[in-house]
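Q: Hi! Could you walk me through this model while I have it open? I'll just ask things as they come up.

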Amino acid sequence: MAEVGAAALPWTSSPRFQLALGGAAVALVALVTAAPVLVVVVGAIDANVWREAFTDSANRSAVLYSLLLALRAPIAALIGFLIAWLLIRIRIPGGRFIEFAMWVSFFVPLLPVTLSWILLLNPHYGLVNRMLMALPFISAPPFDIYSVGGILWVHIVASSVPVMVILLGPAIRQLDASFEEVGRVCGSGPFAVFRKITLPILAPAILTGTLAGFIKSLEAFEVEQLLGRPADIYVYSTRIYDLVSWEPPKFASAMALSTFVLFVLLLIAVAYQRAGRLGEYATILGRGAGFQQLRIGRLRWLIAAALWLVVAISLLIPLVMLVCGSFMKLFGFFTIAAPFTLQHWQEVLGDPIFLRSLTNSLVLSSGAGLGGVLVYALLAYLVVRSRLPGRGAIALLAWLPWSIPGILLGVSVLWLILASPALSFFYGSLASLILIMIIAQMPIGDHMMKTAMLQIAVDRAH
């Protein structure tokens, strides 16, 4: 097993140059990640604001609900790891399509998928509830999408598990099977090999995925807003939205609440970095890596059926209901006369605002995608492969955008643009939106790049 090392770069051989370059890199990353967070922290420096924020029972309840719902992260990590392992290490019929479906689930926006599950599990008109209530021994709706269980269900099946499969898949695929073969040659059984070799090597990736999921769960907004409000379930992000939406907006209280969660997330990020240093190993060596998928006989058909069921629940059924809902005269009313119509599609496709919106979305996605890859790859390279001073600070700063809700991140960046004449040209432009999108997704992008780089050994010439 090769220990991860940093490459000696010729242009960083001078200590002074290293210090200057490291300082410049930390300052640049801090400008785009720490500066918006500092705006939030400074806005909360008032004892009366803190007292008002945390004597409010609604605020305390929102934080507790956020922590409760964030517990889906380890559950999703366990399920995602199992699915990724089965797809990559076992020859399963349709395995490639199942893995592709996980990526499609990741790309499908969560808000329309939530609307699909409302059509299925709404306690009044949901199709699943209505079909079950047709049975003679069921008199009340068995499922209620407007509940903690409903929020957890939508997140786990539509977002958290597909994301974990995507995050953990590369680490499993890049693991050189020769490490496991050595254990088997020495007489260890499959369970011992998995426990003593496979799991320790993959532990940093699993830990990172779990913590990333936990942090992202605290910031989640759409599902909680749509499914939580009817049941008076408020979480950290939806409470922030309410505070800044009031007239006049309560920005100070929102920033105090965000600052409290920021401190919690910073502790988590520091703990992750300390734990991650204990077990970083390169699993792609200079001689190459590879493995043969296991053949398990007829059992593969049972596993394939289970994974196809996962795909149906996480992707196929919601997409079918989404298309069905787009043709409905009244959303959720299946029993009225002639329930379907083309009118909604005609209105959308004939709306010039929709066409401009589509163009802007394509520009934003292309700009954020291309720019993000370059930025995240550079950050990951500086942290993993360089010897620049301040590498740890860069890694920590890259986590900061997930420490505040998206709405406050947008407000903070807007304030920085308006307060700085040098940045005023960003105001009202697509470039500002691209910048915010790159900043908002920096933690996940940086993580994916670092996961790939950490598993490639550095070949040093002697």
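Q: Let's start somewhere specific: where is the place of L362?
A: Happy to help! This is a predicted model, and L362 sits in helix α16.

Q: And is L362 buried or exposed?
A: L362 is exposed, because its relative accessible area is 51% and the cut-off for exposed is over 50%.

Q: Which residues form a nonpolar patch on the surface with L362?
A: Its partners are W345, V348, L349, F354, L355 and L358. Together with L362, they have about 630 Å² of accessible area.

Q: Which elements give two or more residues to that nonpolar patch?
A: Those are α15, covering 343-349, and α16, covering 352-384. The most comes from α16, which gives four residues.

Q: Nice. Switching to pockets: what volume does the largest pocket have?
A: The largest pocket has a volume of about 2000 Å³. Its lining is made up of 50 residues, and the closest to its centre are F106, K216, W402, Q441 and I444.

Q: Which helix has the largest share of the lining of that pocket?
A: Helix α8, residues 148-173, with seven residues in the lining.

Q: How does the lining of the largest pocket split by class?
A: There are 31 nonpolar residues, 15 polar ones and four charged ones.

Q: OK, electrostatics next. How many salt bridges does the structure hold?
A: It holds two. In one of them, the side chains of R72 and E224 meet, with an N to O distance of 4.0 Å. That pair links distant parts of the chain, since R72 is in helix α4 (residues 72-89) and E224 is in helix α11, 152 residues apart.

Q: Are R72 and E224 buried or exposed?
A: Both R72 and E224 are buried.

Q: And which residue forms a salt bridge with D242?
A: That's R229, and the closest N and O atoms of the pair are 3.0 Å apart. D242 lies in helix α12 and R229 in the loop between α11 and α12, so this salt bridge ties together parts that are 13 residues apart in sequence.

Q: What about accessibility there: why does D242 count as buried?
A: D242 counts as buried because its relative accessibility is 10%, and buried means under 20%. R229 counts as partly exposed, at 33% relative accessibility.

Q: I'm also checking backbone angles. Which residue other than glycine has a positive phi near 60°?
A: D232 has that value. For context, most residues other than glycine have a negative phi.

Q: Where is the place of D232?
A: In the loop between α11 (222-228) and α12 (236-245). D232 is also exposed, with a relative accessible area of 58%.

Q: Now some long-range pairs. What separation do the C-alpha atoms of F333 and Y125 have?
A: They are separated by 7.0 Å, although F333 and Y125 are 208 residues apart along the chain. F333 lies in the loop between α14 (299-326) and α15, and F333 is partly exposed, with a relative accessible area of 43%.

Q: One last pair: how many residues apart in sequence are A306 and I83?
A: They're 223 residues apart in sequence, and 9.9 Å apart in space, C-alpha to C-alpha. A306 is in helix α14, and A306 counts as partly exposed at 41% relative accessibility.

Methods
Residues are numbered from 1 along each chain as its sequence is written. This is a predicted model: local features need pLDDT of at least 70, side-chain atom pairs count only at pLDDT 80 or more; totals for chains, interfaces and linings use all residues. Side-chain values use heavy atoms; hydrogens and water are left out. Patches are made of residues with over 30% relative accessible area and no salt bridge: like charges are joined within 9 Å, nonpolar side chains (Val, Leu, Ile, Met, Phe, Trp, Tyr) within 5 Å. Accessible areas come from the Shrake-Rupley method with a 1.4 Å probe; for residues, only the protein chains shown count as cover. Buried means under 20% relative accessible area, exposed over 50%, partly exposed in between (1.4 Å probe, protein chains only). On a 1 Å grid over the protein atoms alone, a cavity is a set of points where a 1.4 Å probe fits but cannot get out, and a pocket is an open set with protein on both sides within 12 Å along at least five of seven lines; lining residues have an atom within 4 Å of a point. Grid points are joined across faces, edges and corners, and a volume is the space filled by probe spheres set on the points. Ala, Val, Leu, Ile, Met, Phe, Trp, Tyr, Cys and Pro count as nonpolar, Asp, Glu, Lys and Arg as charged, and the others, Gly among them, as polar.
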